[in-house]
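Q: Please take a close look at one part of this model for me: the packing, from surface to core. Keep the sentences short.

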Amino acid sequence: MTFLSLYRKYRPRNFEDLVGQEHVVRTLKNALRNKRIAHAYLFAGPRGTGKTSTAKVFARALNCVHGPTAEPCGECDTCKKIQSGQSIDVIEIDAASNRGIDEIRVLREKVKFYPSEGSYKVYIIDEVHMLTKGAFNALLKTLEEPPENVVFILATTEPHKVIDTILSRCQRFDFSLLSLNDIRARLEYICQEEGITYEGEALQIIARSSKGGLRDAISLLDQAISYTNANLTVADIQQMLGKVDEEVLNQFFNHIINRNSAEALELVNQLINRGYGVSIFVSDLIEHARQLLLIKECGISSPIFDFTEETLHRLEQVSQSVDSSRLIRIIEILTGMERDLSYTDQPRLVIEIGVVKMVSPEVDSTLEGLRTRVAELENRLKGMEGRKEDKVNRASKSEINDELDKKTDRKIRTEQVEKDKRGTKISEPVSELAATKDDTFTITLDQVRKAWPAILKEVKENNISVQAYLLEGQPLKVDDDTIYIHFPEDKGFHKKGAEREETLIKKAISRVLGQPCRLKFEIAGPKKEVVKKKEEIKAEDNLVDRVVKLFDGELIKVNYNVLKD
Amino acid sequence: MNNLEKIFNVTEDKLKPVYLIYGEDSYLLHDCKKKFIERYISDEIRDFNYTFLDDEVEDFLATLKNQVNTPPFMADKRYIIARTSRYFTEKNERNSLLVKLLQNFPETTVLLIIVEGKVDQRLKVVEEVKKIGEVINLKPPKYKELDKWIVNQFKIRGKIVDAGSVKLLEQMFNNELELLNSEIEKIITYKYDEKRITLRDVKEIISKDKLIEDNIIFSLTDALISKQKGRAVNILNEMIQQGALPLRILGTIIWQLRLFLSVKVLKREGKDPVAIAKTLKSHQYPVKKCYHLSNNFTEEEMELMLERFLQANLHIVTGKYDARMALELAILED
């Protein structure tokens with residue numbers, strides 16, 4: 001007998017042979033048993049998940065002499081003919097190469113004839129998404145009212161390319177990627193049938209590199225059997241696939257994480273000398289880093305990992321010693337390397353540079369470099385403490401502005417301090433607060449109030465909408481260097497708006513008053529009267545405002561807190 | 001469905017000569033045709049006194065005229081079903097032929113005209129039909145009617161279905177009866193031996209990419225904005241395993257994040273969900289969902305997240321990462 005590749009030899013012959021897709025198989029079997037056969041089916045799913053196989057089994061089940069039956073015998077004439085692709089009632093069309101309207105017209109002509117051998121005429125149209133628009137429409141008419149005893153099975157990897165009107169006329173089944181266990185079980189079965197000795201882990205590796213497609217897995221198995229002479233060991237398989245042992249990957253990552261560049265480079269050197277391809281190694285590293293990251297984020301109990309318990313624990317251990325942001329950075333470097341590798345004729349150089357980058361992000365590991373970095377960190381820490389104290393910042397965006405603002409503030413302040421009190425507390429950065437707390441801030445509430453229209457004008461010049469926010473507020477209290485601006489209870493929106501533009505307002509105030517200050521925006525306490533007669537008071541409010549402006553007076557009625565104070 | 005009783009609740013001799021049925025939903029039209037045949041055209045007369053015509057055939061009008069004017073053979077009536085999408089919907093220079101035919105319509109013929117699409121009521125032909133027959137518009141059911149329809153579909157197949165499943169089916173397929181019909185048929189075949197259909201059964205077998213797009217993706221964005229990164233990655237991988245395309249997932253995530261952001265901004269301006277849905281020209285259901293969840297994050301966080309996913313898109317199209325990796329990183333990064 002001529003050699004038959006494994007995946008053809010082990011093409012499923014009946015529903016029991018189909019791997020995974022339980023719900024599809026169950027539905028189809030029920031349809032056969034209970035004669036609820038639809039005119040058209042659409043099988044959608046990634047490659048190697050059993051679409052065409054299922055279609056063929058289904059065709060056989062329909063046409064078997066005992067059929068329609070859920071268990072085609074596989075021995076009768078029709079079964080055998082369908083199996084070998086010789087049946088005239090089961091027509092397989094590859095839509096990728098017969099995609100025109102003419103081919104479909106021919107099909108339409110032939111559809112009318114009754115099946116000659118079996119009881120059903122089955123059209124299996126593979127890769128149906130490749131049909132042209134015209135062809136789709138021609139097919140549509142046939143699908144709409146198919147003659148009796150004709151079943152269409154459309155298979156596609158890309159259902160979204162199939163037009164809606166076709167979709168709505170088919171009973172659709174979705175084929176999902178096969179789980180690692182399903183694939184491994186099938187591989188084990190084939191190995192046993194073929195009398196091949198194997199290591200469980202070896203099949204696991206094959207299954208994993210097939211990424212959920214059974215056909216790829218079986219092809220790889222076929223290749224592996226020839227390569228290893230029917231004795232599958234982990235080492236052989238890894239060699240065949242050019243894969244690096246997981247233990248080595250773990251080692252490599254440990255070196256990287258511990259910033260041990262010498263050892264990591266040595267490891268790379270060894271691998272290259274042993275003849276491993278650099279690009280495969282890098283893509284393995286990427287996958288490995290991804291697993292580490294996922295384990296870190298999702299925990300090892302997550303269903304997305306198809307590893308053995310043992311492997312998972314090992315991975316978890318490695319992942320614990322590194323934080324996510326570093327892993328993400330490592331992945332970035334690795335993918336960058338992967339790209340560079342396709343342009344370079346010196347892959348070794350690329351990977352070596354990559355290793356150095358991963359080990360020391362700043363590359364500079366001299367004492368000087370470290371010193372500056374430590375200093376930087378210290379500064380950043382101090383900044384964080386200061387920020388905690390004043391609690392002014394809320395949104396992260398305005399942080400940067402604030403930072404800038406503070407710097408200018410500090411400048412102004414220090415200048416003033418120098419003027420007033422010859423160089424007292426300038427050197428300590430933390431005393432910045434203290435410096436403003438004591439008598440350098442001399443502005444009183446009265447001053448602020450008097451200057452308020454000027455401040456508003458200043459703000460308006462910068463940004464008119466901010467002035468609109470601020471119009472609703474009133475300065476009510478000055479405590480140390482902080483000006484409290486109160487907003488009426490129903491003006492929360494304006495308060496928020498003002499908060500967002502705090503820096504701008506601060507600048508305006510410091511320009512008008514000649515001194516930097518802090519701001520606090522608050523909502524005033526409940527206003528009982530206002531609640532009662534809102535409308536009346538609104539009208540009154542306008543009047544009051546005008547009066548206040550005219551006489552430069554103050555509004556006391558709104559806030560009871562002030563009276564308490 | 002009441003209009004249809006005009007056809008099906010009369011005895012054969014009371015049938016009007018012409019019925020014009022039209023609508024967008026091909027399932028309903030098809031169903032109506034089937035029922036008409038079952039009700040009036042018995043097997044005995046089918047061979048000699050029934051003709052089905054499609055406007056795809058050459059000289060459709062001539063054949064139609066010929067058939068209409070042929071007297072019945074060994075029976076009282078002759079039945080013709082004509083399906084067209086070209087006549088009755090817009091002005092057609094050959095309409096006058098139809099008008100003539102309708103004006104001299106033989107009493108012994110019953111003509112059922114099925115028009116896929118919208119009939120133009122102003123046309124003279126349509127008026128002629130109204131004079132001697134009925135014009136019926138078939139509309140697919142909505143809301144409660146749709147609920148009833150779905151439950152009934154299960155019932156006539158001998159199954160009981162719970163409210164959750166009906167809701168899910170409605171969400172998935174709206175009132176596209178043809179799709180609904182084939183999904184229901186599939187569900188029933190799947191659970192043929194059981195009388196009761198549960199939500200879990202429906203979820204297991206229902207067409208996936210609808211489910212993924214509309215439902216699961218919500219739990220993904222849910223996880224994202226409640227900052228459960230691990231869960232988000234799990235859901236993502238589950239979706240890919242089930243055959244969803246990463247780029248499509250990305251597209252939907254971006255769409256949803258934009259929706260979230262818009263809802264959040266409009267909420268700040270004091271609008272309620274209904275008004276927001278109107279402004280955004282979006283369906284109320286997702287808007288309401290976003291509305292309730294919008295306190296979990298600030299506008300800024302939202303913007304940053306949106307930016308990360310847009311960045312991921314760039315990475316994918318420029319080939320920096322493969323699609324799944326890009327998505328995962330976008331989820332995990334801060």
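A: Start with one yardstick: a residue is buried under 20% relative accessible area, exposed over 50%, and partly exposed in between (1.4 Å probe, protein chains only). The model is predicted, so local features need pLDDT of at least 70 and side-chain atom pairs need pLDDT 80 or more, while totals for chains, interfaces and linings use all residues. Residues count from 1 along each chain as written, chains are lettered from A and ligands numbered from 1 in written order, and side-chain values use heavy atoms, without hydrogens or water.

Now the surface. K35(A) is exposed because its relative accessibility is 55%. K35(A) sits in the loop between α2 (22–33) and β1 (40–44) of chain A. Helices (H or I, at least four residues) and strands (E, at least two) are DSSP runs numbered from the N terminus. Phi of K35(A) is near 55°, a positive value, and K35(A) is not a glycine. Most residues other than glycine have a negative phi. K281(B) also has a positive phi, about 55°, without being a glycine. K281(B) lies in the loop between α14 (273–280) and α15 (284–293) of chain B. K281(B) is exposed because its relative accessible area is 78%.

Next, a residue in between. V265(B) belongs to helix α13 (residues 246–268) of chain B. V265(B) is partly exposed because its relative accessibility is 25%. E299(B) is 34 residues away along the chain, yet the two C-alpha atoms are 7.6 Å apart.

Now go inside. A nonpolar core is a set of buried Ala, Val, Leu, Ile, Met, Phe, Trp, Tyr and Cys residues joined through side-chain atoms within 4.5 Å. The largest one here has 86 residues, and F252(A), L334(A), I249(B) and F309(B) touch the most other members. Helix α14 (residues 278–298) of chain A gives this core its largest share, 11 residues. Another core lies apart from it and has 70 residues, including L28(A), I153(A), I37(B) and Y190(B).

Zoom in on I249(B). Contact means heavy atoms within 4.5 Å. Leave out neighbours within four places in sequence, and I249(B) is in contact with I217(B), L220(B), L236(B), M239(B), I240(B), A244(B) and L327(B).

Finally, the two chains. In chain A, 46 residues are in contact with 49 residues of chain B. The buried area between these chains is about 4100 Å², and carbon and sulfur atoms give 52% of it. Buried area is the accessible area (1.4 Å probe) that two parts lose on being put together, summed over both. R26(A), R36(A) and R290(A) supply 15% of what chain A buries against chain B, more than any other three residues.
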